[in-house]
Amino acid sequence: MLSKKATCKSHGQDSSYFLGWQEYEKNPFNEDRNPLGIIQMGLAENQLSFDLLESWLARNPDATMFGSNGGSIFKELALFQDYHGLQTFKTELVEFMAEIRRNKVRFDPQKLVLTAGATSANETLMFCLAEPGEAFLIPTPYYPGFDRDLKWRTGVKIVPIHCSSLNGFRITKAALDEAYDEALKLNLRVKGVFITNPSNPLGTTMNQDEFNHVISFAVSKNIHIVSDEIYAGTVFDSSKFTSIIEAIMDRNLEKTDIWSRIHVVSSLSKDLGLPGFRIGMIYSNNETLIAAATKMSSFGLVSSQTQYLLSKLLGDKKFTRHYIQENQRRLKKRQQVLVSGLQSYGIPCLKSNAGLFCWVDMRNLLSSNAFEAEMELWKKILYEVGLNISPGSSCHCTEPGWFRVCFANMSQETLNLSIHRLQAFVTSNGDGNYQNQKLSTRISRRNSLVVS
């Protein structure tokens with residue numbers, strides 16, 4: 001006999017988002033061993049700037065060998081460390097967070113909790129802010145993993161704030177009010193609004209109107225705001241990114257009750273492209289929450305060795321400033337390649353300025369305006385075209401035909417091939433007969449293919 005938690009079906013693993021990953025793993029693309037395989041475009045991972053990180057590591061061998069001033073600190077790092085984290089790392093981390101936000105926001109390392117990735121940070125916040133059965137309002141479309149991260153173990157409910165393509169999926173006051181009323185009809189107590197800025201999957205940053213709507217709503221309802229800002233460092237135009245803390249300060253609300261109900265989640269998974277290092281964090285001005293979250297973090301600590309290595313890297317301010325600028329430049333260039341390649345064949349994308357993905361409009365490829373048609377198209381693209389992309393329905397989008405397509409987790413040649421596969425699919429009207437006839441030709445010329 002196992003527990004109810006071990007046997008429950010609420011993990012969200014049956015979502016098409018995760019099913020696409022499973023199919024990819026059965027038949028992964030490899031340019032030499034499996035050129036007809038599925039290309040992974042459902043993974044929001046940044047592999048464009050590894051050369052910068054590897055170059056820094058080569059120039060700073062002491063950081064990887066745990067050396068300091070000619071001696072070794074291996075023993076010090078290998079022994080027990082408490083759950084508060086290394087102070088030097090937390091100090092460098094908050095300075096890096098401030099640099100990404102153009103130093104318009106300053107962070108106190110004493111108000112920071114380290115967690116094993118943003119997944120752990122978001123779940124910890126739910127444990128601290130809500131009881132099982134209470135709810136958070138989340139704008140749609142949203143990252144499919146939130147159905148797992150926020151709900152599975154905590155018992156917290158999600159009520160969608162339905163956003164529309166008519167205004168670029170922007171948050172409106174009417175949508176907030178409707179979501180709140182829906183929660184009340186379901187007898188759910190609303191504890192807060194959960195936003196992702198920049199948005200995953202939209203790749204957009206929140207504007208001033210959206211901030212005003214969300215902040216005024218939270219003030220009027222006396223609820224929390226959680227802002228997941230793990231993509232802050234991926235903004236192509238940094239002048240367009242505003243942190244929720246900056247937005248609160250712009251309204252001179254630091255000395256009001258809302259100040260202690262603002263909580264930020266950040267990470268190095270996207271900003272530095274280091275998801276395997278498992279560096280997440282919670283930042284809050286609520287002392288009671290920080291104390292509780294710090295205790296909870298003992299269930300998912302960041303290793304001392306990782307903290308030491310990254311404290312050295314983040315401490316090199318010349319390097320981090322160069323990395324931020326160069327990484328943003330590369331992301332922008334890569335995004336433009338995908339957008340222009342799709343648009344040339346009549347597939348538009350939502351205008352975006354951040355993220356590792358595009359929100360792609362394939363409504364004109366649907367056989368009908370229904371989610372069944374979206375799943376039919378998704379299966380064709382997955383099995384016949386050989387691309388794993390994420391259907392909008394897995395992100396709780398209310399309009400069939402939108403897809404999230406990632407562009408930063410592959411080489412330029414593989415992205416070119418992905419675009420060409422989609423172009424061939426559109427040209428063939430989606431009959432699926434083109435692939436075996438033309439794919440070998442496309443593979444042979446992918447190194448010279450230029451999409452503009």
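User: In this predicted model, what makes the approach of the backbone nitrogen of Val156 to the side chain of Thr154 a polar contact?

Analyst: The backbone nitrogen of Val156 lies 3.1 Å from a polar atom of the side chain of Thr154, and because a polar contact asks for N or O atoms within 3.5 Å, the pair satisfies that distance. The side chain of Thr154 also has a polar atom 2.4 Å from the backbone oxygen of Leu150.

User: Why is Thr154 called buried?

Analyst: Thr154 has a relative accessible area of 4%, and since buried means under 20%, the residue is counted as buried. Thr154 is placed in the loop between α8 (146-149) and β6 (157-161), and, leaving aside neighbours within four places in sequence, it is in contact with Glu123, Met126, Phe127 and Pro132.

User: Lys90 is a lysine in helix α6 (residues 87-100), so how do you know whether Lys90 is buried or exposed?

Analyst: The relative accessibility of Lys90 is 6%, and because the limit for buried is under 20%, Lys90 counts as buried. Beyond its neighbours within four places in sequence, Lys90 is in contact with residues including His84, Pro109 and Leu114.

User: Why is the pair of Tyr231 and Phe357 called edge-to-face?

Analyst: A pair of aromatic rings is described by the distance of the centres and the angle of the planes. For Tyr231 and Phe357 the centres are 5.3 Å apart and the planes stand at 75 degrees; the distance is within 6.5 Å and the angle is over 60 degrees, so the rings pair as edge-to-face. This pair links distant parts of the chain, with Tyr231 in the loop between β8 (224-228) and α11 (244-250) and Phe357 in strand β11 (residues 357-361), 126 residues apart. Both Tyr231 and Phe357 are buried.

User: What makes Lys221 a charge over the ring of Tyr180?

Analyst: Lys221 lies over the face of Tyr180, at 4.3 Å from the ring centre, and because the distance limit for a charge over a ring is within 6 Å, Lys221 meets it.

User: How do you know that the chain agrees with a compact globule?

Analyst: A compact globule of 452 residues would have a radius of gyration near 22 Å, and the chain has 22 Å, so the value agrees with the expectation. Within the chain, buried residues make up 56% of the 452 residues, and of the contacts with a separation of 6 or more, 74% come from residues 24 or more positions apart.

Terms used
Residues are numbered from 1 along each chain as its sequence is written. This is a predicted model: local features need pLDDT of at least 70, side-chain atom pairs count only at pLDDT 80 or more; totals for chains, interfaces and linings use all residues. Side-chain values use heavy atoms; hydrogens and water are left out. Rings of Phe, Tyr and Trp (its six-membered ring) pair if their centres lie within 6.5 Å; planes under 30 degrees apart count as stacked, over 60 as edge-to-face and the rest as tilted. Helices (H or I, at least four residues) and strands (E, at least two) are DSSP runs, numbered from the N terminus. Buried means under 20% relative accessible area, exposed over 50%, partly exposed in between (1.4 Å probe, protein chains only). A charge sits over a ring if NZ of Lys or CZ of Arg is within 6 Å of the ring centre and within 35 degrees of the ring normal. Contact means heavy atoms within 4.5 Å. A polar contact is a pair of N or O atoms within 3.5 Å; within protein, one must be able to donate a hydrogen and the other to accept it, and residues adjacent in sequence count only if both atoms are side-chain atoms. The radius of gyration is taken over C-alpha atoms; the globule rule is 2.2 Å times the number of residues to the power 0.38.
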